[in-house]
Amino acid sequence: MASRANICIKYRTNFTFVLLHQAESELQRASLDATRTTRQLEETIDNFEKQKIKDIKNIFSEFITIEMLFHGKALEIYTAAYQNIQNIDENEDLEVFRSSLYPPDYQSRLDIVRANSKSPLQRTGSLKSSLRTVQVKTSKGLKIILSF
């Protein structure tokens, strides 16, 4: 009986040893698969990160280029405006302004304004003498008489 018990124990020990050996082999395979998968995942993450950095770099480069073009053009426009402002001749502009205030027939207009701005008592006798009459012939031969 002892021998039979020894055989059972040996058989169980051998069976356990075989199972243990199979389990260690599966563990090694699983460990290698996990390592390979981890490496592939790390490569995928690295490639994604590289592409993300490249895309961000391109986007910001394009944005900055556009902004530089915009501000460069604005600087050109401001420079031209500044030069135009510096080229303004204040005395010449003042003369142009004064000539627009006092047109060549200024004296006659001033007389009309003075004549019309007198009080009603003063206006009765001098109004008729200050009125001007102009006759204008049209292309159809009509006469138009204007008094002012």
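Here are four short exercises with worked solutions on the predicted model shown above.

**Exercise 1. Get the overall layout**

Find how many helices and strands the protein chain has, and in what pattern they come.

*Solution.* Start by counting: the protein chain has four helices and two strands. Next, walk along the sequence, and you'll read the pattern α-α-α-α-β-β. Helix H1 covers residues 2–86, and we'll stay with that helix for most of what follows.

**Exercise 2. Look at burial and contacts**

Work out what share of the protein chain is buried, and what share of its contacts links residues 24 or more positions apart.

*Solution.* Take burial to begin with. A residue is called buried when its relative accessible area is under 20%. Of the 148 residues in the protein chain, 1% are buried. Now turn to contacts, keeping those with a separation of 6 or more: 7% of them are between residues 24 or more positions apart. To finish, check the surface: about 14100 Å² of the protein chain is accessible, and carbon and sulfur atoms account for 61% of that.

**Exercise 3. Hunt for salt bridges**

Find the partners of Asp33, Glu49 and Glu76, and check each pair against the cut-off.

*Solution.* The rule you need: a side-chain nitrogen of Lys or Arg has to sit within 4 Å of a carboxyl oxygen of Asp or Glu.

- Step 1: Asp33 pairs up with Arg36, with 2.8 Å between the closest N and O atoms. The two are three residues apart in helix H1, so about one helical turn separates them. Both are partly exposed, Asp33 at 36% relative accessible area and Arg36 at 44%.
- Step 2: Glu49 goes with Lys52, and here the closest N and O atoms are 3.2 Å apart. Again they're three residues apart in helix H1, which means about one helical turn. Glu49 is partly exposed at 32%, and so is Lys52 at 36%.
- Step 3: Glu76 bridges to Lys73, the closest N and O atoms lying 3.6 Å apart. This pair, too, is three residues apart in helix H1, so about one helical turn lies between them. Lys73 is partly exposed, at 48%.

The full count by this rule is four salt bridges, including the pairs you've just checked.

**Exercise 4. Spot a nonpolar patch**

Name the residues that make a nonpolar surface patch of about 520 Å², and say where Phe60 lies.

*Solution.* List the members: Ile56, Phe60, Phe63, Ile64 and Met68 make up the patch. Then place Phe60, and you'll find it in helix H1.

How values were computed. Residues are numbered from 1 along each chain as its sequence is written. This is a predicted model: local features need pLDDT of at least 70, side-chain atom pairs count only at pLDDT 80 or more; totals for chains, interfaces and linings use all residues. Side-chain values use heavy atoms; hydrogens and water are left out. Buried means under 20% relative accessible area, exposed over 50%, partly exposed in between (1.4 Å probe, protein chains only). Patches are made of residues with over 30% relative accessible area and no salt bridge: like charges are joined within 9 Å, nonpolar side chains (Val, Leu, Ile, Met, Phe, Trp, Tyr) within 5 Å. Accessible areas come from the Shrake-Rupley method with a 1.4 Å probe; for residues, only the protein chains shown count as cover. Contact means heavy atoms within 4.5 Å.
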